[in-house]
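Biologist: Before we look at any single feature, could you show me how to read aromatic contacts and surface patches in a model such as this?

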Amino acid sequence: VRIERVTSTAALSQHLQNQVLSQQERGAIELETLTSQGQTGDNEEELVVGWQEKLFSQYEMELFQNEAACQTPLDRQYHTEVKALNRAKGRPNHRIFTYTDHDRYTNCLPFHQLHSTDLLTTTKSSPTFLAERMASVRHRRQDRRTMDCNIPKSKIVNWEPTEEFVKTSHVVNSTMQTMHIMGDLGPPGRLGQKENECLLVTIKTDGSGTVIVKPDFNKGKEPYRIVTEGEKREVWRLTLENVSTAMQPEEKEREQNMYKDLYVRHKEYLNSLVGQDFEMPPVGILRYVMNGEIVSAKGFEYDNLYIHFFMELPNNWSSLPFQSLSGVTQTCRTRTLGKENVAFFSYPFSFEAFYMCEKESEESVLQWPVLYFKVLSLDSWQRYRTEGYGYLLFPAMPGKHTLTCHTWRPLQTGTISALRRFFIGGSPELEDYSYVRIPGTFKGERLSRFGFCTETTGSVTFNLHCIQQARSFVDATMLKKRRQKVFDQLGGFSQQGAVCTILG
């Protein structure tokens with residue numbers, strides 16, 4: 001850290017001193033008079049300051065000489081150090097001094113001095129609300145005095161905070177160590193006055209290794225300018241350089257190994273908190289989780305498409321009470337890709353269901369949940385038209401699946417129906433969506449759709465990520481055979497019996 005006075009008075013004093021030195025015949029009396037008024041140490045000073053190194057100011061030297069003024073253990077320690085300096089040749093510094101992290105004067109600095117941007121520009125900007133709060137939050141612990149060692153004056157927890165209390169106290173405060181490098185910019189012979197103290201550099205660091213230096217090192221650039229307040233308004237130049245020794249390769253490697261060991265231990269600590277036990281479903285229950293995405297739709301007649309979908313659970317399947325079984329996508333415009341008009345939805349949805357195993361019946365067949373969907377279009381007059389119906393069976397195999405489902409829509413013969421669909425919107429709709437596959441109310445042996453007119457429309461693409469979980473999957477003897485005994489046989493004979501074998 002280097003400070004240098006550059007005002008006209010200092011330059012004139014230096015010029016006169018040089019003239020006296022060149023005129024040896026005039027004697028040493030005039031030289032002694034001029035040097036007493038403008039010594040070199042009063043105009044410039046350069047010091048190498050270490051992290052949290054305490055350099056006393058003239059004010060602190062006078063204060064800590066009196067043992068009666070020392071109240072805290074830190075004050076008494078400073079009293080001992082000041083006495084040692086007085087017995088020696090005095091303090092090594094003249095104008096530059098420091099406030100360390102534990103000094104009681106650190107949180108008493110004027111607020112405008114905590115913003116060293118004044119060193120870079122002469123215009124003063126008004127501080128923000130957050131900056132004002134952060135100026136007093138650093139050493140807040142020292143403002144809390146106690147009646148005795150156990151009971152603090154202020155409440156630790158405020159159960160009924162007011163709006164003003166929240167506004168003044170709700171400030172993010174990360175634990176950081178702070179050090180201020182100060183300068184006593186008073187006139188010669190009048191050092192030690194608090195009003196002449198000026199903040200030169202602020203250095204902060206946290207536990208993660210982040211170091212904040214404000215203002216930054218000059219690195220060959222021009223020095224910072226400091227303009228003092230008062231009648232004379234003297235100008236000083238500040239130069240900051242980093243003279244720390246670079247780390248050796250062995251030290252860097254040792255530090256990296258230390259951090260790696262620390263991260264490994266922290267990971268093991270987190271693993272011990274989480275544990276190795278998964279949330280398992282009860283015995284005899286298969287848990288089915290599906291995270292899906294409606295990717296796109298193409299090949300439909302009109303633009304501005306949206307999809308309405310819902311899930312149907314067969315017998316022995318159930319879901320959580322708060323689980324939503326239906327949803328609607330956003331309205332999406334189509335774009336032309338090749339010969340097709342494609343609408344990209346990228347609409348995510350998730351679903352969780354549970355299958356409870358019961359005794360196998362020869363007449364019953366295991367049924368998987370079904371996703372029914374309906375594609376509609378909407379125009380600028382808020383007229384909607386049915387573009388197609390389709391369904392999707394939940395995959396029996398876990399993993400990722402990309403499925404494309406083709407759709408159709410009911411069709412009325414004749415020109416009037418086509419004109420109504422074009423001009424006023426609307427079209428025939430299904431009262432029961434399950435009619436796309438097998439209606440839920442159907443109890444017969446054969447389902448006839450004779451006479452029902454339909455028209456093939458477009459297709460919808462789904463991305464499905466399926467997870468299946470059961471207690472029996474953990475059994476080591478079943479790990480290699482579970483797919484053959486469960487999933488491969490689900491599409492063949494005795495499907496329900498295979499699942500019951502695993503879940504039983």
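Modeller: We will go from the overall make-up to the ring pairs and then to the surface, bearing in mind that this is a predicted model.

Biologist: How many helices and strands are there in the protein, and what share of the residues is buried?

Modeller: The protein has 12 helices and 18 strands, and buried residues make up 34% of its 504 residues.

Biologist: How many aromatic pairs does a search of the whole structure find?

Modeller: The search finds 19 aromatic pairs. One of them joins F64 and Y78 edge-to-face, with 5.4 Å centre to centre and 65 degrees between the planes; F64 belongs to helix α4 and Y78 to helix α5, 14 residues apart. F64 counts as buried because its relative accessible area is 2%, and Y78 is likewise buried, at 6% relative accessibility.

Another edge-to-face pair is formed by Y288 and W317, at 6.3 Å centre to centre and 80 degrees between the planes, and this pair links strand β9 to strand β11 across 29 residues. Both residues are buried, and ring pairs also link them with F351, Y355, W368 and F394 into a cluster.

Biologist: Which residue lies over the face of Y302?

Modeller: That is R385, at 4.3 Å from the ring centre.

Biologist: Which residues form a nonpolar patch on the surface, and why does L262 count as partly exposed?

Modeller: The patch consists of M258, Y259, L262 and Y263, which together have about 440 Å² of accessible area. L262, which lies in helix α9, counts as partly exposed because its relative accessibility is 48%, and the partly exposed class runs between the 20% and 50% limits.

Key: Residues are numbered from 1 along each chain as its sequence is written. This is a predicted model: local features need pLDDT of at least 70, side-chain atom pairs count only at pLDDT 80 or more; totals for chains, interfaces and linings use all residues. Side-chain values use heavy atoms; hydrogens and water are left out. Patches are made of residues with over 30% relative accessible area and no salt bridge: like charges are joined within 9 Å, nonpolar side chains (Val, Leu, Ile, Met, Phe, Trp, Tyr) within 5 Å. Accessible areas come from the Shrake-Rupley method with a 1.4 Å probe; for residues, only the protein chains shown count as cover. A salt bridge is a side-chain nitrogen of Lys or Arg within 4 Å of a carboxyl oxygen of Asp or Glu. Helices (H or I, at least four residues) and strands (E, at least two) are DSSP runs, numbered from the N terminus. Buried means under 20% relative accessible area, exposed over 50%, partly exposed in between (1.4 Å probe, protein chains only). Rings of Phe, Tyr and Trp (its six-membered ring) pair if their centres lie within 6.5 Å; planes under 30 degrees apart count as stacked, over 60 as edge-to-face and the rest as tilted. A charge sits over a ring if NZ of Lys or CZ of Arg is within 6 Å of the ring centre and within 35 degrees of the ring normal.
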